[in-house]
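Me: I should like a close look at a single part of this structure, with attention to its local contacts and to backbone geometry that departs from the usual. Please give one connected account.

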Amino acid sequence: MSKTKFEEFPDGSLHDLTYTSPKGGPVNAYLVVPKGKGPFAAILFGHWGNGTRAEFIPEAKIYAKAGAVSLMPDYPWDRPQPWYRSVDHYDKPEVDRDNEIHAVIDLRRGIDLLLARSDIEPARLAYIGHSYGTQWGSILTAVDKRMKTSVLMAGVAESGDVYLRTSDPGLTDFRKTRPAGQLEKYCEVLGQIDAVHFAGHAAPIPLLLQFANYEQYFDKTSQQHYVNTASEPKKVLYYDTGHDLNDFQALEDRYNWLVDQIKLRREPIL
């Protein structure tokens, strides 16, 4: 691991760092560390597909005040050349599937990085994922039982719910531009790592599932499919907002969930 720079804020420090991917090359990540010596809880974040590791910086600073170290890695398609790996090979779905698996592996290495710190209590590790980050989180939670809990935000059950069945205007127009059968094949291959194959294997890890009532990329049927598939114990909450889940109540519910699950200090979040 190498650190390039950091900045201080009232409750801790934000570090810009890289760590080595098991698939080769550096993983860019932000690390937020609270003030003090610990022991601290730990949170690994998975950002949404069109976002970057910066998505969760404000939230990680809140958790620093409550006593948690946070790690926010980028995905292979957010990295500079020569490590950049795109995920728009609609004619070569195996490439995108393997690049997405690459992202999951890098997140899992992020768990290793967090738990190697002497100031962290291993039994107080949580995962928070949004959108694509939820898909990766469903896989992580099924195969790696080191998390105490996982928070999965705006997760889609199947790739086909977005590419084949969405009513989103942009995606609908995109679908019309593709050769006949291409997206069906694409979703068949990517479907091998769809969330529905893994969400039912989270137990005994408790899940907090957060969904948007005005989700624009997939419908209620997809949400319910996810809910029905996810293993117990779980809590399911809905909010009057869109895919970004920019409802303050959603943030407050995540915070309260983590207070209970990984014993964060209960501090004012504003």
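Reply: Asp253 touches Leu208, Gln210, Leu237 and Tyr239, leaving aside residues up to four places away in sequence. The model is a predicted one, and Asp253 is found in its helix α8, which covers residues 248-262. Asp253 is buried and yet has no salt bridge. The nearest side chain of opposite charge belongs to Lys235, 6.2 Å away; a salt bridge is counted only within 4 Å, so this pair does not qualify. The side chain of Asp253 does make polar contacts: one with the side chain of Tyr239 at 2.7 Å, and another with the side chain of Gln249 at 2.8 Å. Tyr239 thus appears both among the residues touched by Asp253 and as a polar partner of its side chain.

The backbone after this helix also deserves attention. Most residues other than glycine have a negative phi, and most peptide bonds are trans. Lys263, in the segment after α8, has a positive phi near 60°. Lys263 is exposed, with a relative accessible area of 57%. Ala154 likewise has a positive phi, of about 50°, although it is not a glycine. Ala154 sits in the loop between β7 (149-153) and α4 (159-163), but this residue is buried, with a relative accessible area of 1%.

Cis peptide bonds complete the account. One joins Gly38 and Pro39, with omega about 5°, and Pro39 lies in the loop between β3 (26-34) and β4 (40-46). Another joins Gln81 and Pro82, again with omega about 5°; Pro82 is found in the loop between β5 (68-73) and α2 (93-115).

Definitions and conventions:
Residues numbered from 1 in each chain as written. Predicted model: local features only at pLDDT ≥ 70, side-chain atom pairs only at ≥ 80, totals over all residues. Heavy atoms only, no water. Helix = DSSP H or I, 4+ residues; strand = E, 2+ residues; numbered from the N terminus. Buried < 20%, exposed > 50% of the residue type's maximum accessible area, 1.4 Å probe, protein only. Lys, Arg positive; Asp, Glu negative; His and termini not counted. Polar contact = N/O pair within 3.5 Å; in protein donor to acceptor, adjacent residues only side chain to side chain. Contact = heavy atoms within 4.5 Å.
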